[in-house]
Amino acid sequence: MSDDAIHELLGFVDPSGLGMGFLVPIFRSLTTNAPDVQLIDAEGLIAGFEPYEAPEPSIIQGPSISRTIGDPAVAAFSFSTGDVVVDADQAGRDLLASRFDDPKLAGRPTVAMELATHLRRPDLRIGKAREAHDRMARTSRKVADDWRDLGILTTEVRRAFSAATGDDAAAADLVVRIRMDVVEILGLDPGASGSRRASVITACEQALDLLAPIVPRPAAGWRFGWPPPPRRLRGDVDADVLLASERAKRIFARDAPLAIPSLRLFDLDHPAATDRRQDPSVPTFVVRDTVSRRSPIPPGSHAIDLGVPKRRSRDAVTGGVTLVPTNGMGSGKSADRHQLAGVRLAIAAELDRRRADISPTADRTLILRARGNGPLATDQALATLYDKAWAFGLAPWRSLLIAPTGGSDDDDGPRGVAEVLFAGSRRLKGELCDDLLAASNGTLAILVDDEPREPADEERNRIALAFLLERQGWVVDRGPDLPPDVMTVRGGHWTFELRTTPGSSADETESTYPPDVELGELRRLVVTSNATAASILKRLRQEPTLEVNVRDLVALRADEATPLTLVAAHLSRMVTALKSRSRGQYLGMVTREALRSGGEDAFGTRALADLLGRPGIGSDVQLSLRSATMKGGALFAEVRVSRDDSSQDDPIGSYRLIVEPKAVHVTGIALPGAS
């Protein structure tokens, strides 16, 4: 919307929720009374207004200011909660500039860079960029240099080229990287004239002079190179794969329908592999395991490491590393097929990334896959990927999200699950990844930075979970009276306390009985991202708190959910017909919930209660799922009862559980003594 009506400032919205950085000014039109945001032109003037689409924004109060089209834009910077400086005139701009060295910005160079950009002080911006680069380099020089080249140098080159030529479209295509003393320039039309190239070089020189505090000028000066555009990787050979371990050779020897047609395989020590290393036009991958990680690999190769080491260590790989975790199946054909799918997807993602000319997320990434079912399949897959990354100790949003080409980046706007959980992550869509995701029944995948989480990531996780619940209608309270990791969540039928840090729990003495807890009365949850039947039982024996994963929260609607909704969700994911002490005791716990309300079959419920009252549930006496089906908001589960020394084909009894949001029922009891 763009009109010349007068708009009054309502206040500001904090888009990050962190209380630091620039806020979004919210205006109210005197004609429509609807919340609007300003559109700003290159001169810093208001070019128009458009509706603010976020639902029910939390407004931070601001001064009384009126604006119309053509007036100077309003800005606001928050140094901390309650400490906001409004830039609406020269006095505000001067005050903001005077606080550039405020101690509250200490240790936050990227936030200070945003402030310097707003103040149009490139000298201050580059000074903070050097601080940010130095901080990143302590962890990874490659990540720091990629950030410098793509986030700072390329931006400055584009700005200088656009100012000199007026060609914003051509400027947006430029990508500049530094390799030793060579400045590589990508994105210029191969048929560009000499004068056009000279304009780009001039823009690069101006940007490099500005960046001298970060990247000093070589003694002999800069050399400029024009690398050819990436070769379209769909010819005779997409890539060479060097197998550096016996395990790698074994999994590629399996007959599986997950292939990239143009891969060429060599043993790392085979003479033919030596020749292939000399061809830089063909990407090279080296598949390694724990033992062969110590062996040298060809320079520029991309390593694919089987398994995730318990201790993170760096090696001399210059072409990046992708870690492919196991799925917990141990060894054998099934485990090999699973890991082969992960290796091929990792290769496809790297090839598609190069084809799309997307910079790597990090020098070491972990590839994770997930698929969902039903109408919320994509949301479930996204939440499962989030859980997996968090369980590995990583920050899920520092990732490259691999999505099908036909899908949307965000199916339901700024509060979609992808945006809530993976805000800031980039998207990778490509033909090779499409083929492999479809072949392996994968819905989505991510390449997540293998660097461990930082303390600040805990707060971002809490914000993401709060947004996730709010998008499903819950009212979330993170008031000052609550601990930082706790929020109160209110819905139509249930109010609960949600904790986001699992904490440590005492060692559990092995129990032969299911925990005796009223599941329908639970009022406390803790998000662990790694909740299993065993961990849920252990915590319930210690405190009345239910462990959940993020994927449990995706479909948790405020107008219908109760504690039993989460109990049913976990039951529905249990592997059917699989004997397990923890699964058996979980089924026993849910069955006890049903027996509290009795049932029409008095003999049957008495026999079942007698069974659950004996020691050995989950060991001497096994309870296992035969089937689990969701119908009309309720879970229908067929439970088999067997002895530990009997097979699933020879059960001693069975019954049915019906888990509804407000109650659990047991029917169809067929046990000795039930009639």
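Biologist: In which strand is the place of Thr 284?

Modeller: Thr 284 has its place in strand E15, which covers residues 284-288, where helices (H or I, at least four residues) and strands (E, at least two) are DSSP runs numbered from the N terminus. This is a predicted model, in which local features need pLDDT of at least 70 and side-chain atom pairs count only at pLDDT 80 or more, while totals for chains, interfaces and linings use all residues. Residues are numbered from 1 along each chain as its sequence is written, and side-chain values use heavy atoms, with hydrogens and water left out.

Biologist: Why is Thr 284 called buried, and which residues does Thr 284 touch?

Modeller: Buried means under 20% relative accessible area, exposed means over 50%, and partly exposed is what lies in between (1.4 Å probe, protein chains only). Thr 284 has a relative accessible area of 11%, so Thr 284 is buried. Not counting residues up to four places away in sequence, Thr 284 touches Asp 240, Leu 242, Ser 301 and His 302, a contact being heavy atoms within 4.5 Å.

Biologist: How many aromatic pairs does the structure hold, and what makes the pair of Phe 22 and Phe 77 edge-to-face?

Modeller: The structure holds ten aromatic pairs. The ring centres of Phe 22 and Phe 77 are 4.9 Å apart and the planes stand at 80°, so this pair is edge-to-face. The rule is that rings of Phe, Tyr and Trp (its six-membered ring) pair if their centres lie within 6.5 Å, with planes under 30 degrees apart counted as stacked, over 60 as edge-to-face and the rest as tilted.

Biologist: How do you know that this pair links distant parts of the chain?

Modeller: Phe 22 belongs to strand E2 (residues 21-22) and Phe 77 to strand E8 (residues 75-80), and the two are 55 residues apart.

Biologist: Are Phe 22 and Phe 77 buried or exposed?

Modeller: The two are classed separately. Phe 22 has a relative accessible area of 21%, so Phe 22 is partly exposed, whereas Phe 77, at 0% relative accessibility, counts as buried.

Biologist: Why is the pair of Trp 494 and Phe 496 called tilted?

Modeller: Trp 494 and Phe 496 lie 4.4 Å centre to centre with 40° between the planes, and this pair is tilted, an angle that is neither under 30 nor over 60 degrees. Trp 494 counts as buried at 2% relative accessibility, and Phe 496 is buried with a relative accessible area of 2%.

Biologist: What makes you say that a charge sits over the ring of Trp 226?

Modeller: The test is that NZ of Lys or CZ of Arg is within 6 Å of the ring centre and within 35 degrees of the ring normal. The charged end of Arg 197 sits over the ring of Trp 226, 4.6 Å from its centre. Arg 453 likewise lies over the face of Trp 390, at 3.6 Å from the ring centre, and Trp 390 belongs to a cluster that ring pairs form with Tyr 386, Trp 397 and Phe 422.

Biologist: How are helices H2 and H3 packed, and why is that arrangement named as it is?

Modeller: Helix H2 (residues 109-118) and helix H3 (residues 122-139) pack at an angle of about 165°, with their axes 8 Å apart. That makes H2 roughly antiparallel to H3, since angles under 35 degrees count as roughly parallel, over 145 as roughly antiparallel, 65 to 115 as roughly perpendicular and the rest as oblique. The axes are lines fitted to C-alpha atoms, for helices over the stretch in contact, and the angles run from 0 to 180 degrees between N-to-C directions.

Biologist: What makes H4 oblique to H6?

Modeller: The axes of helix H4 (residues 141-165) and helix H6 (residues 194-210) come within 8 Å and cross at roughly 130°. That angle makes H4 oblique to H6.

Biologist: Is the crossing of H4 and H6 left-handed or right-handed?

Modeller: The crossing of H4 and H6 is right-handed, while H2 passes H3 in a left-handed crossing. A crossing is left-handed if the near helix is turned anticlockwise from the far one by less than a right angle, and right-handed if clockwise.

Biologist: Why is Gly 492 called exposed?

Modeller: At 58% relative accessibility, Gly 492 counts as exposed. Gly 492 lies in the loop between strand E23 (486-490) and strand E24 (495-499).
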